[in-house]
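This report describes the fold, the nonpolar cores and a selection of individual residues of one protein. The sequence and the model are shown first, and the description follows.

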Amino acid sequence: MLSMCAACAVVRSLHLVQVRLPKLSVVLLPGIGVQLSIAAKLELSGNCLVGLLSELIDILVDVNITANIKCTNFESGTVQVVIEDCLCILGAIKIKLLSGLLSLSVNEIVLKQLTATLPGLLCPVVDIVVNLVNIQLLGTLNAVIPVGTAGTIHYQLASLPFTSGSFLGLDLDGAVKQVGGSIIPHDSSPSALPPLLDKLLVLGLRQSFLNAVLSLLVQIPPQTFTCTPEVFSSAGNLQKAITTLLPTGCSACRGTSPLSVRLTLSGRPLILLEDNKATVELSVLIQVFVKRSDGPILNVLLLKADLSLNVHVSIAGGRLVLGLSLGSRKLGCARCYPVPSSAAHMLVSSLVQISNLKPHCSSLLAETLVPLINGALGIGIPLPNVLGIPLIKVDIRILAGLLVILV
């Protein structure tokens, strides 16, 4: 209730009826935060006592509120959004009595009291709104999101939000946790977001964080295949190429049964971010063996393939999706198994021809392993729903050590 008194007039029970035509604008302040400006018309109503008569009074006042908002108190990935200062200025005021009789004294009293009272009432309202924004910001940033059945990502900020005169930048980090509770370690040092001038909101994901998520998603157990065309197209050529490497005295190596191949990931996959380019580096052990009819397994050779997989990055359904394709590869012999023959040394010396296996092993990896990895990555990396802003028609830029999403 707002009460205004004078010798000739008293206004009681003044209350807000309606907020007309509110206009909201936000300006980014470099190094400070944002400046929030609200322009609105307030329609107020109350009772006016003039002498012994009481009648309704309607007031229409223009209000302009300006508040500087900043993020502070960064700790453990969370921040606090606060108002640094708030200024409320009254503009044009229209006063109307039901009788239509408006004295100058009533007009002056209302004008004086509104000027003295409204700023103290409206700035706390803005503070409440900012606190709600703070709750929403932390609720959408400091969130635990499941990653399929593999584990969770507990998103948080790596540093205070950064503002320039053109964009708001959020450097995202997160604890990547496997099912069972173990956290995959990674470097959580903050990144310097580049000055990207054509978007308002910039989200940064660092290479080290993406590597932790990649380790969570790509957990493929060893895969064993029979070297047949039904499995991959160059199976026959691979078997022939390997057979030429085997010593002629090894009758056990030259049975009628096809060779078997076992693929095992060696170490964790690593994503490498360069300007306008993303690749995944991965090592794979290729074990070639013969399963003899009488039961024992005869190992022929163990190859190591160091792969560089091309990465296509996209966003679908609020998730970051990585699609891989086979790029460059290096093939070498990780181990040479002795065979039951006095000519075992012939196998070792003939391994200089290992390059002949490269195209056929490439077919093996492209048609068997890469689809498995893409299947594991297909669920995507869930992203936080920052302030409820949908990630639709966003741009993605790949920089050295940093993936940037521009909203």
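In which strand does Ile89 lie? The model is a predicted one, and in it Ile89 belongs to strand S5, which spans residues 78–97. With a relative accessible area of 47%, Ile89 is partly exposed. Once neighbours within four places in sequence are left aside, Ile89 is in contact with Asp62, Val63 and Asn64. Pro119 stands 30 residues from Ile89 in sequence, and the C-alpha atoms of the two are 7.4 Å apart in space.

**Overall architecture**

The protein contains five helices and 19 strands. Of its 407 residues, 43% are buried. Among contacts with a separation of 6 or more, 64% are made by residues 24 or more positions apart. The accessible surface amounts to about 20,100 Å², and carbon and sulfur atoms hold 58% of that area.

**The nonpolar cores**

The largest nonpolar core comprises 103 residues, and Ile286, Leu320 and Leu357 have the most contacts inside it. Strand S15 (residues 297–316) supplies the largest share of this core, namely ten residues. Why does the core lie between domain 1 and domain 2? Both domain 1 (10–140) and domain 2 (151–247 + 254–406) give residues to the core, and it therefore lies between them. Another core, of six residues, lies apart from the largest one; Phe167, Leu402, Val404 and Leu406 are among its members.

The surroundings of Leu357 can be listed in detail. Apart from residues up to four places away in sequence, Leu357 touches Leu238, Ala241, Ile242, Leu245, Leu301, Leu303 and Leu331. Helix H3 (residues 235–245) has Ala235, Leu238, Ala241, Ile242 and Leu245 as its buried residues. These buried residues are on the same side of H3, because they cover an arc of only 130° around the axis. Lys240 and Thr244, on the other side of H3, are exposed.

**Residues with positive phi**

Most residues other than glycine have a negative phi. Two residues that are not glycine, each located in a loop, have a positive value here and are set out below.

| Residue | Phi | Loop between | Relative accessibility |
|---|---|---|---|
| Asn276 | near 60° | strand S13 (260–274) and strand S14 (277–291) | 73% |
| Lys393 | about 55° | strand S17 (381–382) and strand S18 (395–399) | 79% |

Are these residues buried or exposed? Residues count as exposed when their relative accessible area is over 50%. Asn276 is therefore exposed at 73%, and Lys393 is likewise exposed at 79%.

**The hairpin of S18 and S19**

Strand S18 is one of the two strands that bound the loop of Lys393. S18 pairs with strand S19 (residues 402–406) in the antiparallel sense, over five bridges. Asp395 has Leu406 of S19 as its bridge partner. Leu406 is also one of the members of the six-residue core. The two strands form a hairpin with two residues between them, and Gly401 in the turn has a positive phi of about 75°.

**Two further residues**

Ser159 and Leu326 may be considered in turn. Ser159 is placed in the loop between strand S7 (151–157) and strand S8 (162–163). Is Ser159 buried or exposed in that loop? The threshold for burial is a relative accessible area under 20%, and Ser159, at 19%, is therefore buried. Beyond its neighbours within four places in sequence, Ser159 is in contact with Phe74, Asp171 and Pro190.

Leu326 is found in strand S16 (residues 319–336). Its relative accessible area is 22%, and Leu326 is accordingly classed as partly exposed. Which residues does Leu326 touch, not counting residues up to four places away in sequence? They are Leu307, Ser308, Leu309, Asn310, Ser362 and Ala366. Leu369 is 43 residues from Leu326 in sequence, with a C-alpha to C-alpha distance of 9.9 Å.

Definitions and conventions: Residues numbered from 1 in each chain as written. Predicted model: local features only at pLDDT ≥ 70, side-chain atom pairs only at ≥ 80, totals over all residues. Heavy atoms only, no water. Helix = DSSP H or I, 4+ residues; strand = E, 2+ residues; numbered from the N terminus. Buried < 20%, exposed > 50% of the residue type's maximum accessible area, 1.4 Å probe, protein only. Contact = heavy atoms within 4.5 Å. Areas by Shrake-Rupley, 256 points an atom, 1.4 Å probe, with all protein chains shown as cover. Core = buried A, V, L, I, M, F, W, Y, C linked by side-chain atoms within 4.5 Å. Domains from an automatic or database assignment. Arc of directions from axis to C-beta. Pairing = 2+ DSSP bridges.
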